[in-house]
Amino acid sequence: MVNVALEKPQKIQDRSFDFAFRIVSLHEDLCSKRGAARVIARQLLKSGTSIGANLEEASAAQSKPDFISKGSIASKEARETRDWLLTACKSIDTERIAPLVIEAGEIVAIVTTIVKNAELNSQFKIQH
C-alpha cells in the first residue's frame, strides 16, 4: 500500500500572489529585450499583479454585488494576462512561458467558478 500525502489546496489569494511574483520576474527579463517585448512586459505586469489585488478587494467586499464585481475584474485580468503571456512567447523562451500560461488558465477557471457560484447564490445577476 502506497501512502500518498495529499497537499492542502492553496487559497486562490495565495496562488494569485505567487503568480504575481512570477510575473514580476518575467517582466524583468522582458524589459532587458528591445522593442515590443517592453510593451508586452508593461501590460503583463499590470494585469498579472492586479489579479490578486482584486481578489483581496473581493474578500473585503461590502456586499454580494461588490464581491461579484471585484471577482469578475480579477477573472478578466487573469484572462488578459494569459493573452499577454501567449503574445510574449514570441519574445522569450516558450518553456518559461508555458507554465505561466497554464497557471493563468487555472486561475481564470477558479475565479470564474467562484464568481458564478456567488451569482447563483444571490438575487443579483450580472448581465453578460
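These legends go with a set of close-up views of a predicted model.

Residues are numbered from 1 along each chain as its sequence is written, and side-chain values use heavy atoms, with hydrogens and water left out. As this is a predicted model, local features need pLDDT of at least 70 and side-chain atom pairs count only at pLDDT 80 or more, while totals for chains, interfaces and linings use all residues.

**View 1. The whole chain is a run of helices, α-α-α-α from the N terminus on.**
The protein has 4 helices and 0 strands; both are DSSP runs numbered from the N terminus, with helices being H or I over at least four residues and strands E over at least two. Of the 128 residues, 37% are buried. Here buried means under 20% relative accessible area, exposed means over 50%, and partly exposed is what lies in between, with a 1.4 Å probe and protein chains only. About 8,100 Å² of the protein is exposed, and carbon and sulfur atoms supply 55% of that; accessible areas come from the Shrake-Rupley method with a 1.4 Å probe, and for residues only the protein chains shown count as cover. Take the contacts (heavy atoms within 4.5 Å) between residues at least 6 apart in sequence: 70% of them join residues at least 24 apart.

**View 2. Helix α1 has a buried side and a side turned away from it.**
With 20 residues, α1 reaches 28 Å from its first C-alpha to its last, close to the 28 Å expected at 1.5 Å a residue. That expected span is 1.5 Å times one less than the number of residues in the helix. The buried residues of α1 are Ile12, Arg15, Ser16, Phe19, Ala20, Ile23, Leu26, His27 and Leu30. Looking down the axis of α1, its buried residues fall within an arc of 140°, so they line one face of the helix; the arc is that of the directions from the helix axis to the C-beta atoms. These buried residues pack against α2, α3 and α4. What sits on the face turned away from the buried side of α1? Exposed Phe17, Phe21 and Glu28 are there.

**View 3. Helix α3 covers residues 64-88.**
Its 25 residues should span 36 Å at 1.5 Å a residue, and the end C-alpha atoms of α3 are 36 Å apart, which agrees. At the start of α3, a side-chain oxygen of Ser63 comes within 3.2 Å of the backbone nitrogen of Asp66. The buried residues of α3 include Ile68, Gly71, Ala74, Ala78, Leu85 and Ala88, and Lys70 and Glu77 are also among them. Cover for the buried residues of α3 includes α1 (12-31), α2 (36-59) and α4 (94-120).

**View 4. Trp84, a residue of α3, touches Ile40, Gln43, Leu44 and Ser47.**
That list of partners leaves out residues up to four places away in sequence. Trp84 and Ser47 are 37 residues apart along the chain, and their C-alpha atoms are separated by 8.8 Å.

**View 5. Arg15 of helix α1 pairs up with Glu106.**
Is Arg15 buried or exposed? Arg15 is buried, with a relative accessible area of 17%. Its side chain makes a polar contact with the side chain of Glu106 at 2.2 Å. A polar contact is a pair of N or O atoms within 3.5 Å; within protein, one must be able to donate a hydrogen and the other to accept it, and residues adjacent in sequence count only if both atoms are side-chain atoms. Setting aside neighbours within four places in sequence, Arg15 is in contact with Gln10, Glu103, Glu106 and Ile110.

**View 6. Two isoleucines of α4, Ile107 and Ile110.**
Ile107 is buried, with a relative accessible area of 0%, whereas Ile110 is partly exposed at 29%. Beyond its neighbours within four places in sequence, Ile107 is in contact with Ile12, Ser16, Phe19, Ile51 and Ala78. Ile107 and Arg15 are 92 residues apart in sequence, with 8.1 Å between their C-alpha atoms. On the same neighbour rule, Ile110 is in contact with Ile12 and Arg15. Ile110 and Ile12 are 98 residues apart in sequence and 7.7 Å apart in space, C-alpha to C-alpha.

**View 7. Cysteines in a structure with 0 disulfides.**
A disulfide is counted when a pair of cysteine sulfur atoms lies within 2.5 Å. Cys31 is partly exposed, with a relative accessible area of 30%, and Cys89 is partly exposed at 25%.
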